[in-house]
Structures are given as C-alpha cells and as structure tokens.
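Biologist: I should be grateful for a close look at a single part of this structure, set in the context of the rest of the model. Please begin with one residue and work outward from there.

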Amino acid sequence: MGFWNFDPHRPDPEGRRPAGPARFMEVLFTNLAGLLLCNLLFLVCCVPLVTIGPACVALHRVCCLALRGHGGALPAAFLRSFKQNFAQGLALGFTGLPILCWLACTVLAAASQGRFGLLAGAGAALVVLAGIWGYALLLAAHMELSFPLLLKNAAALWAAGRHASVAGSVLALAILCAGALWFPASLPLLFLLGFSLACFSFCFFGWKTAERHIFLPYYRRHPEEAAAKGYRFDREGNPV
C-alpha cells in the first residue's frame with residue numbers, strides 16, 4: 001500500500017526501505033527526543049486554553065518535518081510555527097475544538113449507556129470531522145489561506161485520502177480516547193508523548209495526500225516559497 005511510504009522521492013535503490021508499520025516506528029524513534037520536547041512545549045502552550053489551536057498547528061508542523069526527513073531542531077520549529085500561524089490556529093481552535101469535544105463526550109456517554117445507534121452515528125461523525133480538522137491544521141502549518149478556503153481544501157483532502165484519512169483519524173482518536181478513559185493512570189504517557197503521538201499518527205497517514213494534491217503543485221508554481229519550506233525541484237519539476 002503506497003500511502004504507508006512517506007518518502008517516495010528518495011527510495012532505497014536496493015528496495016530495502018522500510019514501509020508500513022516498520023516505517024512508522026523508524027521515523028517515530030528517529031525523532032523521539034524532538035517529539036518528546038515538542039509534546040512538553042505543546043502542553044505549556046495550551047495552558048491558556050485559547051492557544052490550543054495554534055499549539056495544534058505547530059505540532060502538525062513538526063510531525064510533518066519529521067516525516068519528510070527534516071527532524072533536526074524540532075522544538076525550535078514548533079515555536080516558530082506557533083508564532084507564525086497563531087491567527088489561523090486561533091480560528092481553527094475556536095471553531096473545531098468545541099464540536100470535536102462535544103462529539104467525543106457523546107461517544108463516551110453512548111458507550112457507557114449502551115446506546116449503540118447513537119454511538120455509531122456520533123463515532124462516524126467524530127472520525128470524519130476530526131480528519132477534516134486534522135487536514136486543516138496540516139494546511140495551516142504550511143500555507144496562509146483564508147478560513148473558508150482552508151476548510152474547503154481540508155474536506156477535499158479528507159475525501160481524496162479515503163482509507164488513509166479514516167485510518168489516520170481512527171488511530172489518533174484511539175490514542176486520545178485511551179488517554180481519557182485511563183486517566184489518571186495515562187497521565188505520564190500523555191505528559192511525555194501522548195499528544196505528539198496522536199498528531200504523528202494522523203500526519204503519517206495524511207501527509208502524502210496533502211503533499212500530492214496541495215503542496216507540490218503549489219510550490220512548483222511558487223519556487224521562492226518552496227525554498228523557504230525546504231522543497232527543491234529538478235528541471236522536470238520533481239522534488240529532490
């Protein structure tokens with residue numbers, strides 16, 4: 001399944017590049033120290049609750065950098081993205097987080113009460129909206145777009161990603177829901193890595209879709225911005 005491999009432009013010439021779960025673990029453990037520090041920065045930046053949105057955007061930015069093989073100085077990249085994308089992050093936080101929290105509470109309440117119809121409906125809505133919100137955060141971390149255009153592109157990416165979008169949403173939500181259900185026993189994991197792990201899981205599945213449909217076409221037309229984001233292209237327009 002090609003969506004597992006998030007470095008398709010630099011393949012191993014001997015065909016031994018890890019894919020699937022092995023690729024996930026390779027990137028995660030290669031950047032583990034940086035992701036641990038970014039998780040702590042995320043918690044600090046969320047202390048004023050209104051800044052949760054910008055902190056989520058910054059966390060998506062560093063996870064994408066790790067997946068692209070640019071994992072050096074992730075904490076510095078987190079702080080830079082938090083500052084640069086503050087306004088977009090606030091808008092996403094104020095609009096998306098209340099809806100997602102309400103749906104998550106509905107799912108947990110329906111599960112505890114045995115209301116399986118409500119559980120299925122609210123669960124499906126939560127997976128879809130969490131995926132769209134995740135793509136919106138990913139886009140906000142890399143581009144300056146108007147809020148309606150940000151949501152429109154995020155919804156289009158959710159549809160384009162298909163099974164990858166669903167898998168990323170489900171895995172990220174499962175990590176966060178497990179942390180909520182087993183709280184306070186889960187507090188050490190959430191404090192050390194939990195939020196970075198949830199974000200990394202979604203980006204692992206969603207990054208290639210966003211890169212193929214949004215970022216690469218845009219940066220080919222705007223090479224000056226591409227250089228600032230770490231993209232280089234050869235004469236044929238292929239990323240190098």
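Modeller: The residue chosen is S81, which is placed in helix α4, spanning residues 74-84. The model is a predicted one, and every value below is computed from it. S81 has a relative accessible area of 3%; because the cut-off for a buried residue is under 20%, S81 counts as buried. Once its neighbours within four places in sequence are set aside, S81 is in contact with V57, A58 and R61. Helix α3 covers residues 52-67, and one of the residues that S81 touches is A58. A link to a later part of the chain can be added: S81 and A141 are 60 residues apart along the chain, yet their C-alpha atoms are separated by 6.8 Å.

From S81 the account moves to helix α3 and its partner. Helix α2 (residues 32-45) and helix α3 have axes that come within 9 Å and cross at roughly 170°. Because angles over 145 degrees count as roughly antiparallel, α2 is roughly antiparallel to α3. On the α2 side the contact is made by L35, C38, F42 and C45, and on the α3 side by A55, C56, L59, V62 and C63. Sorted by class, this contact of α2 with α3 holds 9 nonpolar residues, no polar residues and no charged residues. As a general matter, nonpolar side chains in soluble globular proteins tend to be buried together.

The loop between α2 and α3 contains T51. With a relative accessible area of 9%, T51 is buried. Apart from neighbours within four places in sequence, T51 is in contact with C45, C46, F82 and F86. Of these, C45 also belongs to the α2 side of the contact with α3. F86, in turn, falls at the start of helix α5, which runs over residues 86-113.

Further along α5 lies L108. L108 counts as partly exposed, at 33% relative accessibility. Its C-alpha atom is separated by 9.3 Å from that of G123, and the two residues are 15 residues apart along the chain.

The nonpolar interior may be considered next. The largest nonpolar core has 67 residues, among which F78, L92, F200 and F215 touch the most other members. The greatest contribution to this core comes from helix α9 (residues 187-221), with 15 residues.

The later helices offer a second packing arrangement to set beside that of α2 and α3. Helices α7 and α8 pack at an angle of about 105°, with their axes 5 Å apart. Since angles of 65 to 115 degrees count as roughly perpendicular, α7 is roughly perpendicular to α8. The contact involves L157, W158 and G161 of α7, together with H163, A164, S165, V166 and S169 of α8. Its residues divide into 4 nonpolar, 4 polar and no charged.

Between these two helices, α7 (147-161) and α8, the loop holds R162. R162 has a positive phi of about 50°, although it is not a glycine. At a relative accessible area of 58%, R162 is exposed.

Helix α8 also contains I175. Not counting residues up to four places away in sequence, I175 touches G194, L197, A198 and S201. I175 and L190 are 15 residues apart in sequence and 9.4 Å apart in space, C-alpha to C-alpha. The loop between α8 (163-181) and α9 includes P184. The peptide bond from F183 to P184 is cis, with omega near 10°.

Finally, the whole protein provides the setting for these details. There are 10 helices and 0 strands. Of the 240 residues, 47% are buried. Among contacts with a separation of 6 or more, 68% are between residues 24 or more positions apart. The mean pLDDT is 86, and 87% of the residues reach 70 or more. Over residues 1-16, however, pLDDT stays under 50, and the model has 30 contacts beyond four places in sequence for this stretch. Where pLDDT is low, the predicted coordinates should not be read in detail.

How values were computed. Residues are numbered from 1 along each chain as its sequence is written. This is a predicted model: local features need pLDDT of at least 70, side-chain atom pairs count only at pLDDT 80 or more; totals for chains, interfaces and linings use all residues. Side-chain values use heavy atoms; hydrogens and water are left out. Axes are lines fitted to C-alpha atoms, for helices over the stretch in contact, and angles run from 0 to 180 degrees between N-to-C directions. Helices (H or I, at least four residues) and strands (E, at least two) are DSSP runs, numbered from the N terminus. Angles under 35 degrees count as roughly parallel, over 145 as roughly antiparallel, 65 to 115 as roughly perpendicular and the rest as oblique. Contact means heavy atoms within 4.5 Å. Ala, Val, Leu, Ile, Met, Phe, Trp, Tyr, Cys and Pro count as nonpolar, Asp, Glu, Lys and Arg as charged, and the others, Gly among them, as polar. A nonpolar core is a set of buried Ala, Val, Leu, Ile, Met, Phe, Trp, Tyr and Cys residues joined through side-chain atoms within 4.5 Å. Buried means under 20% relative accessible area, exposed over 50%, partly exposed in between (1.4 Å probe, protein chains only). pLDDT is the predictor's confidence in each residue, from 0 to 100.
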